[in-house]
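I opened a new page in my notebook for this one. Let me show the structure, then write down what I looked up.

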Amino acid sequence: EHQRYLDRTRKSWELLNRTRDLIPTGHAGGMWYQMPYPVLLNKGKGSRVWDVDGNEYLDLRIGDWVLIHGHANERINEAVSRQLPLGSQYGSPEWDLSYRMASLLVERMPSVERVRFMVSGTETNLLALRLARAHTGRTKLAKATGSYHGIADVLVVGSSTISFIKDRIPPGVTPGVAQDVLEFPFNDPDGAEAVIEASASELAAVIVEPIMGAAGMVPATREFLQRLREVTARHGIVLIFDEVVTFPIAYGGAQAHHDVNPDLTSMSKAIGGGLPLAALGGTTELMDLLDPDKNGGRAPVTAASTFGGNQAALAAGIACLEMLTPEVHARVQSLGERARLGIDAIGVKYGLPLHATGFGHILAMHWAPEPVVDYRTRMQDDSEKITNLGVALMNEGFYHFSFGSFLLSTTHTEADIDSLLGGLEQALHNLG
Ligand code: PMP
């Protein structure tokens, strides 16, 4: 299958090598999520993408969690085209698009009363941590081992996964920063509570992904999230939900789905409808620390982001959210369920240790001896098997992360899911 991949994607390989002379990895995101090397895409429409060799794929990566309405969505494109002639960036406290976008977020996200716009999930997580530190007067952050929350120093500690961060403290991060980060086991309510209790007086914040995304699409249980809420509330620790990935899993994100309200919520990726946009949402008490007028003329916490609330991104984001109704979420959830059940059934049919995880439009297949429910069981994945299967699936026309993860959009259909499942059987067959 590797030879077939090379034969199909020669132009990608040549262009990639030329690009690498200027850009260290040849990928704008800096990550090679495709083995043995990424194909280069030059067109996307709906649920389809095309590479420079002219191959067409069903897209199961949706721009890395971003394109919940698929590629080149017409309503989003129109919204951006209407805004651009009026200006893309004002440098003024813009009131119309920001207000509308903030209203859409507040309406859906149960815990969100106030919103501040930024550009990336890294930024909103950093601002959340700063607010938590200012509010509590404490310094430390606790996170689940293996969770990815962004690329800033304090966020990458303890993020090592099978994907692209290899060390607990990656090179370039100082020991001082690393000391501020504590880790607890994902989906282990007692284990997490013990870690948090032991350092409660030093902890400013606990951050959690309601589905571990980069670490393999592993959903948190409701019990785990509830326990984090209880223990943080008991000790006055700020609870941050990183909903950068999970925002579109349900109307109101994971917090509505699980009925657990964090103090602060990071949102990005899908909320911008394909353009760069992030939002930190939270309670009035915490978010008003950003407002000078509510604090005698001087805001206790500073935040700025030049492109935060860019007009084109807000226009795209509003169009995107307006199309994400509860009915649309329900349809995508059932597509995801169809895919997960189908993957499990293929495992049973061929007597293979193949299982699916995920929720909503997010899913992954694991080749693992036990069900994958946390970081430990995730690390038992046979990554070679998954990678080989991934290469064979690419050859069959399914574009996806090579760590076995798939993402769906509102443009995917039941027929697409069935063709993915057929492709998976074919890929298994091709590998012998
Ligand atoms: N949080 C989560 C859960 C993520 O998956 C990511 C990005 N993959 C981030 C934060 C960081 O977002 P950004 O790359 O926009 O900084």
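My entries below go from the whole chain down to single residues.

**Entry 1: the whole chain**

I should say straight away that this is a predicted model. I looked up the secondary structure and found 17 helices and 16 strands in the chain. Next I checked the radius of gyration, which is 21 Å. The globule rule gives 22 Å for 432 residues, so the chain is as compact as a globular protein of that length. For the overall dimensions, I noted that the C-alpha trace spans about 70 × 55 × 45 Å along its principal axes.

How many of the residues count as buried? I got 50% of the 432 residues of the chain. I also looked at contacts between residues at least 6 apart in sequence, and 71% of these join residues at least 24 apart.

**Entry 2: two domains**

I looked up how the chain is divided, and it has domain 1 (2–60 + 326–431) and domain 2 (74–322). Their centres, taken over C-alpha atoms, are separated by 27 Å. I then looked at the contact, which takes 21 residues from domain 1 and 19 residues from domain 2.

Which elements give two or more residues to the side of domain 1 that touches domain 2? I wrote down α14 (326–350), β13 (354–359), β14 (362–367) and α15 (375–378). Sorted by class, that side of domain 1 has eleven nonpolar, seven polar and three charged residues.

**Entry 3: an open sheet**

Then I went for a sheet. It is open, has four strands in the order β1-β2-β3-β15, and its pairing is mixed. Why do β1 and β15 each have a side without a neighbour in the sheet? I found β1 (41–45) and β15 (398–399) at the edges, each with a single partner strand, so one side of each is left free of a neighbour in the sheet.

I took the pairs one at a time. β1 pairs with strand β2 (residues 48–51) in the antiparallel sense, over four bridges. In that pair, L41 stands opposite D51 in β2. The two strands β1 and β2 form a hairpin with two residues between them. G46 sits in the turn, with a positive phi of about 60 degrees.

At the β15 edge, I found strand β3 (residues 56–59) paired with β15 in the parallel sense over two bridges. Here D59 has Y399 in β15 as its bridge partner.

I also checked S419, which is in helix α17 (residues 414–431). Is S419 buried or partly exposed? It counts as partly exposed, with 16 C-beta neighbours inside 10 Å. The C-alpha atoms of S419 and F398 are separated by 9.3 Å, and the two residues are 21 apart along the chain.

**Entry 4: a covered strand**

Next up was β11 (264–267). I looked at its two faces, and both are covered. L264 and S266 are on one side, T265 and M267 are on the other, and all of them are buried. This fits a general point I jotted down: in a regular strand the side chains alternate between the two faces of the sheet.

For a partner, I found strand β10 (residues 238–242), which pairs with β11 in the parallel sense over three bridges. D242 stands opposite S266 in β11.

**Entry 5: two positive phi values**

I remembered that most residues other than glycine have a negative phi. So I noted two residues that go the other way.

W65 is not a glycine, yet its phi is positive, about 75 degrees. I located W65 in helix α3 (residues 62–65). With 23 other C-beta atoms within 10 Å, W65 is buried.

K269 is also a residue other than glycine, and its phi is positive, near 50 degrees. I found K269 in the loop between β11 (264–267) and β12 (278–282). Is K269 buried or exposed? It counts as buried, because 25 C-beta neighbours lie inside 10 Å and the cut-off is 20 or more.

**Entry 6: around the ligand**

Last, I looked up the ligand. How many residues surround it? I counted 14, and the closest are S120, G121, T122, G150 and V244. Helix α6 (residues 121–136) gives the largest share of this shell, three residues. By class, the shell has four nonpolar, eight polar and two charged residues.

Methods
Residues numbered from 1 in each chain as written. Predicted model: local features only at pLDDT ≥ 70, side-chain atom pairs only at ≥ 80, totals over all residues. Pairing = 2+ DSSP bridges. Near = placed C-beta within 6 Å. Nonpolar A, V, L, I, M, F, W, Y, C, P; charged D, E, K, R; others polar. Buried ≥ 20, exposed ≤ 12 C-beta atoms within 10 Å, placed from the backbone. Domains from an automatic or database assignment. Contact = placed C-beta atoms within 7 Å. Rg over C-alpha atoms; globule rule 2.2 N^0.38 Å.
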